[in-house]
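Okay, thanks for making time, everyone. Let me put the model up and walk you through it.

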Amino acid sequence: HYDGEAVGLLYIDNNFNNVNGDIRFRTKTSGTAVEVMTLEADGNVGIGTTDASSFLRVAKSNVGGTNNFAFENTDNTNTASHARLQVVAGGTSGGDPFILLDIAGTAGWHIGVDNSDSDKLQIGTGATVGSSDLVTVTTGGNVGIGDTGPTEAKLVVGDAGAGDIYATFATANTEALCWDAS
């Protein structure tokens, strides 16, 4: 579509007068048309799927293989040449920025910042931060394993009290290393 101005814009329009008017991109494999990308009327994008049920959904059946997502800065000449994946919630009154690691049909794991609980970094099972958290790190550096409100720095290796090494640092200058061989 030419807009009448020589500014180098290209428009792909869906001319159907339909609220659900998607734009679909196809290629051919062995003479058969294959839909490779869908842009839905609500702005959702599906790559490898016609089910664009999220803002961006990428899907591919890769039998015996691994699906990779690569976001790479190939510059190797400057230490300021970073690559970053950023997950951002709207602000202090917004939700939680987190990543969900899920196996279809099971509970999965999450890692993220609990915006409603003093911005603690939490790792746990389930689909949301703030529930079923197993490891908690406060913004002050306190770590809780099985404790979502750690008030001191802790390091636990194995089950404390089961013959394993554990250390508790409760108060400055009173650090202790304990061995429980019971």
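So, burial: of the 182 residues in the protein chain, buried ones make up 16%. By buried I mean under 20% relative accessible area, with exposed being over 50% and partly exposed in between, using a 1.4 Å probe and protein chains only.

Quick housekeeping. This is a predicted model, so local features need pLDDT of at least 70 and side-chain atom pairs count only at pLDDT 80 or more, while totals for chains, interfaces and linings use all residues. Residues are numbered from 1 along each chain as its sequence is written, and side-chain values use heavy atoms, with hydrogens and water left out.

On to secondary structure. The protein chain has 0 helices and 12 strands, so to speak a plain run of β elements from the N terminus on. Those are DSSP runs numbered from the N terminus: helices are H or I with at least four residues, strands are E with at least two.

Let's start with the first strands. β1, residues 23-29, pairs with β2, residues 32-39, in the antiparallel sense over 7 bridges; two strands pair if DSSP finds at least two bridges between them. Across that pairing, Arg26 stands opposite Glu35, and Phe25 stands opposite Met37. The hairpin of β1 and β2 has 2 residues between the strands, and Ser30 there takes a positive phi near 50°.

β2 also pairs with β3, residues 45-47, again antiparallel, over 3 bridges. Thr38 in this case stands opposite Gly46 in β3. This hairpin has 5 residues between its strands, and Gly43 in the turn has a positive phi of about 95°.

Now, the charges around here. How many salt bridges does the structure hold? There are 4, where a salt bridge is a side-chain nitrogen of Lys or Arg within 4 Å of a carboxyl oxygen of Asp or Glu. Asp22, Arg24 and Glu35 are linked in a network of them. In that network, Asp22 bridges to Arg24 with the closest N and O atoms 3.1 Å apart, and Glu35 bridges to Arg24 at 3.0 Å between the closest N and O atoms. That second pair links distant parts of the chain, with Glu35 in β2 and Arg24 in β1, 11 residues apart.

Are these residues buried or exposed, or in between? Asp22 is partly exposed at 24% relative accessible area, Arg24 is partly exposed at 38%, and Glu35 counts as partly exposed at 33%.

Another salt bridge joins the side chains of Arg57 and Asp51, at 2.7 Å from N to O. Arg57 is partly exposed at 31% relative accessible area, and Asp51 is partly exposed too, at 38%.

Next, further along the chain, the open sheet. Its 5 strands come in the order β5-β6-β7-β8-β9, and the pairing is antiparallel. β5 and β9 (143-145) stand at the edges with a single partner strand each, so one side of each has no neighbour in the sheet. From one strand to the next, the twist averages 15°; the axes behind that are lines fitted to C-alpha atoms, for helices over the stretch in contact, and angles run from 0 to 180 degrees between N-to-C directions.

Inside the sheet, β7 and β8 (residues 133-137) pair in the antiparallel sense over 4 bridges. Gln122 stands opposite Thr136 in β8.

One residue I'd like you to click on is Lys120, which is in strand β7. Lys120 is buried, with a relative accessible area of 11%. A polar atom of the Lys120 side chain lies 2.9 Å from the backbone oxygen of Thr148.

Last stop, the surface. Which residues make the nonpolar patch of about 790 Å²? They are Leu85, Val87, Ile99, Leu101, Trp109, Ile111, Leu121, Ile123 and Leu134. The elements giving two or more residues to the patch are β5 (98-101), β6 (109-114) and β7 (120-125). Patches take residues with over 30% relative accessible area and no salt bridge, joining like charges within 9 Å and nonpolar side chains (Val, Leu, Ile, Met, Phe, Trp, Tyr) within 5 Å. Accessible areas come from the Shrake-Rupley method with a 1.4 Å probe, and for residues only the protein chains shown count as cover.

Take Ile99 from that patch: Ile99 lies in β5 and is partly exposed, with a relative accessible area of 39%.

Note on methods: Polar contact = N/O pair within 3.5 Å; in protein donor to acceptor, adjacent residues only side chain to side chain.
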